[in-house]
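Me: I should like to go through a model and ask, for each term applied to it, what justifies that term. Please set each value against its definition.

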Amino acid sequence: MNRLNTTLIPWLLPLLLIVLWQIGASSGLISERILPAPSEVALAFWTLSRSGELWRDIGVSFGRAVGGALIGGGIGFALGILNGTSDAASRLLDSTLQMLRTIPHLAMIPLVILWFGIGEEAKLFLVAVGVFFPIYLNTYHGVRTVDAGLIEMAKIYGLGRWALFREVVLPGALPSILVGLRYALGIMWITLIVAETISASSGIGYMTMNAREFLQTDIVVLGIVIYALLGKAADWTAVLLERRCLAWHPAFRAGESR
Amino acid sequence: MTDLALGIRSGWMQRSAVSPLPSPPTSSGISVRIDGVGKSFGQNPVLRGIDLEIRTGEFVAVVGHSGCGKTTLLRLLAGLDSASEGSITLDGQDFNASSPATRIMFQDARLLPWRRVLDNVAIGRHGPGWRDEAYAALARVGLEDKAEVWPSTLSGGQRQRVALARALISHPRFLLLDEPLGALDALTRLEMQALIEEVWQVERFTALLVTHDVAEAVGLADRVVVLEQGRIGAIWDVPLPRPRHRAAAERGEIEATILSRLLKRP
């Protein structure tokens, strides 16, 4: 019972707000054009998911997000490892990357549209650029700050280059890399929302902007809610990864037997 | 003496028929010869004109003030740094990089926090028998029941035991101890000193212990080397029978002599 209480209590306030919102909307206190009732939003969800439109749009957005994140994150990870382990590479590349980092990637949208038009490449590119920097910086930082004593010990115990990387450097950098990942997943959704809102012919952003033209506020709100849920899901994934990969870390040990 | 008592800790022995660490040859230690060795970092000479011979299976302790160069000497012997002058030979052979016969225990245990204790002990080991070997090494230090826990759950003393097991698993011929007990509480220190002495007597490796603690040096070593500002200031033989009692009068005398030597020159 106590347990139930502690899991329920955090939900009380949101539930209350939704109830108040519903009452406000159905009593006419809140105009339909400003904020439709939660029941309207739920209804919009039902209609759109039955027609399959909603799932198609979610699928398209999800694909863009994951694709862009894989490309940008993959390159960021690779460069972070390279620059973290090689002084020569770091000297050659790091200051350039740090300079590029100061450009807000969303400021590149006009240029990106000129380069790629409003096709898929534009969105993948923007998401990839947005995800690249947090992954790169945190991988680089993680590799650089691996305990030098452990590396020295591993060398004495005869670990070769690859074993040293796999057994010491990568696990040592992992907490930092996962922080980068969590941050990157947030940026991933924000970038995608902006990109899809500005120019798209499918996806959640398109669905929302399209609905705006027809004053379908229920669909607009639904789009916002779905973005929020997808963002939350991404964050949960990162947290689960942390728990799984960092079970050795006292700070992340969840119910692990001693 | 207590060789059997060491390895046999009920639980594990019944689980497996493998004997704890196959008994090494009677004298498996390496002999060390240090000839006119000096080491400078930039313009800073840290070690100057060190001459020292360590016999096979001998236990030598190096004591001295902080910054006297004792850890540098240990790092040279481990192959972690190279000497600026002079030569080091192991078993009459020129020294090349860190040889697999040499193992080090550091002041911090340097366990991989993301590997369970057993995997830490077996680091760098290959082949089918590594699990049994690692269990045997853990059993030798009395921690076979901790094989599957994360290092972060161990106490400082237990971590150093795991580090000792990790060093022992490859039957080192030369064990370097860089103040491995410096961070432990007094009781744990005494236990660890006894354990190190027992293991050394069984395995007959050559040992070099760097320490601040004169009592520890006199308790463990055959010879105590006093380093003073990068030079060997004095060498004492400690011809006491083992196991050595803390209260033995001769032991106290040797300790007092070394201490007064150390304290005379700050």
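Reply: The questions below take up the two chains in turn and then the contact between them.

Me: What should be known about the model and its numbering beforehand?
Reply: This is a predicted model, in which local features need pLDDT of at least 70, side-chain atom pairs count only at pLDDT 80 or more, and totals for chains, interfaces and linings use all residues. Residues are numbered from 1 along each chain as its sequence is written, while chains are lettered from A and ligands numbered from 1 in the order in which they are written.

Me: What makes Val62(B) a buried residue?
Reply: A residue is buried if 20 or more other C-beta atoms, placed from the backbone, lie within 10 Å of its own, exposed if 12 or fewer, and partly exposed in between. Val62(B) has 25 other C-beta atoms within 10 Å, so it is buried. Val62(B) lies in strand β3 of chain B, residues 59-63; a strand is a DSSP run of E with at least two residues, a helix a run of H or I with at least four, and both are numbered from the N terminus.

Me: Which residues does Val62(B) touch, leaving aside those up to four places away in sequence?
Reply: Contact requires that the C-beta atoms of two residues, placed from the backbone, lie within 7 Å. Beyond those sequence neighbours, Val62(B) touches Lys70(B), Leu73(B), Leu208(B), Val210(B), Val225(B) and Leu227(B).

Me: How do you know that the span of helix α6 of chain B agrees with its number of residues?
Reply: The expected span is 1.5 Å times one less than the number of residues. For the 13 residues of α6(B), 156-168, this gives 18 Å, and the end C-alpha atoms are 18 Å apart, which agrees.

Me: Why is α6(B) called largely enclosed?
Reply: Eleven of its 13 residues are buried, so the rest of the structure largely encloses α6(B). Among the buried residues are Val162(B), Leu164(B) and Leu168(B). The covering elements include β6 (102-105), α4 (117-121), α5 (130-140), β7 (174-178) and α7 (186-203) of chain B.

Me: What makes α5(B) mostly covered?
Reply: Eight of the eleven residues of α5(B) are buried, including Tyr135(B) and Leu138(B). Gly142(B), with a positive phi near 75 degrees, follows this helix.

Me: How do you know that β1 and β2 of chain B are paired?
Reply: Pairing requires that DSSP find at least two bridges between two strands. Seven bridges join β1(B), residues 32-41, to β2(B), and the two run antiparallel; Lys39(B) has Leu47(B) as its bridge partner in β2(B). Both strands belong to an open antiparallel sheet of four strands, ordered β2-β1-β4-β5 in chain B. Its edge strands are β2 (44-54) and β5 (93-94) of chain B, since each pairs on one side only.

Me: What is the radius of gyration of chain A, set against that of a compact globule?
Reply: The radius is taken over C-alpha atoms, and the globule rule is 2.2 Å times the number of residues to the power 0.38. A compact globule of 258 residues would have a value near 18 Å, but chain A has 23 Å. The C-alpha trace of chain A spans about 75 × 60 × 30 Å along its principal axes. Chain A has ten helices and zero strands, and 34% of its residues count as buried.

Me: What makes up the side of chain B that touches chain A?
Reply: The contact involves 17 residues of chain B and 15 of chain A. The chain B side has eleven nonpolar, four polar and two charged residues. Here Ala, Val, Leu, Ile, Met, Phe, Trp, Tyr, Cys and Pro count as nonpolar, Asp, Glu, Lys and Arg as charged, and the others, Gly among them, as polar.
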